[in-house]
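Let's take a relaxed walk through this protein together. Have a look at the sequence and the 3D picture before reading on.

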Amino acid sequence: APEAAAGPVVPMAAQGLVSMAAAVAVSVTDGPPGKRPRGRAPNGVDGRPKLWDAKKGIWVDQTDPDAANVPDTWDEKMKKNAERQKQRRERGDWNPQDEECCAKYTKNTLKSSRIKGDPMLAGMLENHKAVPATPFWRMLCSNDYHTTRREITNFRSRQQQKAKKAAAAGLAAAGALMGPPY
């Protein structure tokens, strides 16, 4: 009696086909329309890049009235990145090299134009090449040059690359002056 109430009896082989067809139909109609295609956005009629509408799964022209309903993904990404960074700091997963020395921190303290215009900063950088980044970071902060340890290590690696290129150019020039051996 319970089998009769369950519905029509379908042979086992046919049940597999019916359930597979139902699964395919569900997967085609349900779910998100698709991810954003890789690469640059195509240009719209006005020449500006189109916006990706994740709900529809298509590119939308910025002049299109539906474009006003498309969320601004750039702001969302920036907010998500700031939130992730905050969570990393709270978890202790934050890279200490990115830590600012104090509240007076300014970005790009070790910019070449600033170094050329400030002989005291240039002298400190030249005289303290061998000092580890952390004590040198504190020394710079106490002299009102507020930066991060990462900026110091990046500056030093750029200086090393310049020195290597200069040495290679010097060797090449010296070899050209000597002339070919006879």
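## An exposed lysine and its salt bridge

Lys129 counts as exposed, because its relative accessibility is 54% and the cut-off for exposed is over 50%. Keep in mind that you're looking at a predicted model, so every value here is computed from that model.

Lys129 also has a partner: it forms a salt bridge with Glu126, and the closest N and O atoms are 3.1 Å apart. How exposed is Glu126? With 49% relative accessibility, Glu126 counts as partly exposed.

How many salt bridges does the count come to? The answer is two. The other pairing to look for is Arg48 with Asp46, where the closest N and O atoms are 3.8 Å apart. Arg48 is partly exposed at 44% relative accessibility, and Asp46 is partly exposed as well, at 36%.

Here are the two pairs side by side:

| Salt bridge | Closest N and O atoms |
|---|---|
| Glu126 and Lys129 | 3.1 Å |
| Arg48 and Asp46 | 3.8 Å |

Charges turn up elsewhere too. Arg36, Lys77, Lys80 and Arg84 form a positive patch on the surface. If you want to find Lys80, look in helix 3, which covers residues 73–91.

## Zooming out

Now for the overall layout. The protein has seven helices and two strands. Follow the chain from the N terminus and you meet them in the order α-α-β-β-α-α-α-α-α.

The chain has 182 residues, and 17% of them count as buried. About 14,200 Å² of the protein is exposed, with carbon and sulfur atoms supplying 58% of that area. What about contacts between parts of the chain that are far apart in sequence? Among contacts with a separation of 6 or more, 40% are between residues 24 or more positions apart.

## Two buried residues

Let's start with Leu121, which sits in helix 5 (residues 119–127). Is Leu121 buried or exposed? Leu121 counts as buried, because its relative accessibility is 0% and the cut-off for buried is under 20%.

Which residues does Leu121 touch, leaving out those up to four places away in sequence? They are Thr109, Leu110, Arg114, Ile115, Leu140 and Tyr145. Take Leu140 from that list: it is 19 residues from Leu121 along the chain, and their C-alpha atoms are separated by 8.4 Å.

Trp137, in helix 6, is buried too, with 8% relative accessibility. Beyond its neighbours up to four places away in sequence, Trp137 touches Glu99, Glu100, Cys101, Thr147, Thr148, Arg149 and Ile152. Thr147 is ten residues from Trp137 in sequence, and the C-alpha to C-alpha distance between them is 7.2 Å.

## Arg114 and an unusual aspartate

One of the residues touching Leu121 is Arg114, so let's go there next. Arg114 belongs to helix 4 (residues 112–117) and is partly exposed, at 33% relative accessibility. Setting aside neighbours within four places in sequence, Arg114 is in contact with Thr106, Thr109, Leu121, Asp144 and Tyr145. Thr109 and Tyr145 may ring a bell, as they are also among the residues that Leu121 touches.

Where is Asp144? You'll find Asp144 in the loop between helix 6 (133–142) and helix 7 (149–178). Check its backbone while you're there: Asp144 isn't a glycine, yet it has a positive phi of about 65°.

Technical notes: Residues are numbered from 1 along each chain as its sequence is written. This is a predicted model: local features need pLDDT of at least 70, side-chain atom pairs count only at pLDDT 80 or more; totals for chains, interfaces and linings use all residues. Side-chain values use heavy atoms; hydrogens and water are left out. Helices (H or I, at least four residues) and strands (E, at least two) are DSSP runs, numbered from the N terminus. Buried means under 20% relative accessible area, exposed over 50%, partly exposed in between (1.4 Å probe, protein chains only). Contact means heavy atoms within 4.5 Å. Accessible areas come from the Shrake-Rupley method with a 1.4 Å probe; for residues, only the protein chains shown count as cover. Patches are made of residues with over 30% relative accessible area and no salt bridge: like charges are joined within 9 Å, nonpolar side chains (Val, Leu, Ile, Met, Phe, Trp, Tyr) within 5 Å. A salt bridge is a side-chain nitrogen of Lys or Arg within 4 Å of a carboxyl oxygen of Asp or Glu. Lys and Arg count as positive and Asp and Glu as negative; His and the chain ends are not counted. The place of a charge is taken as NZ of Lys, CZ of Arg, CG of Asp or CD of Glu.
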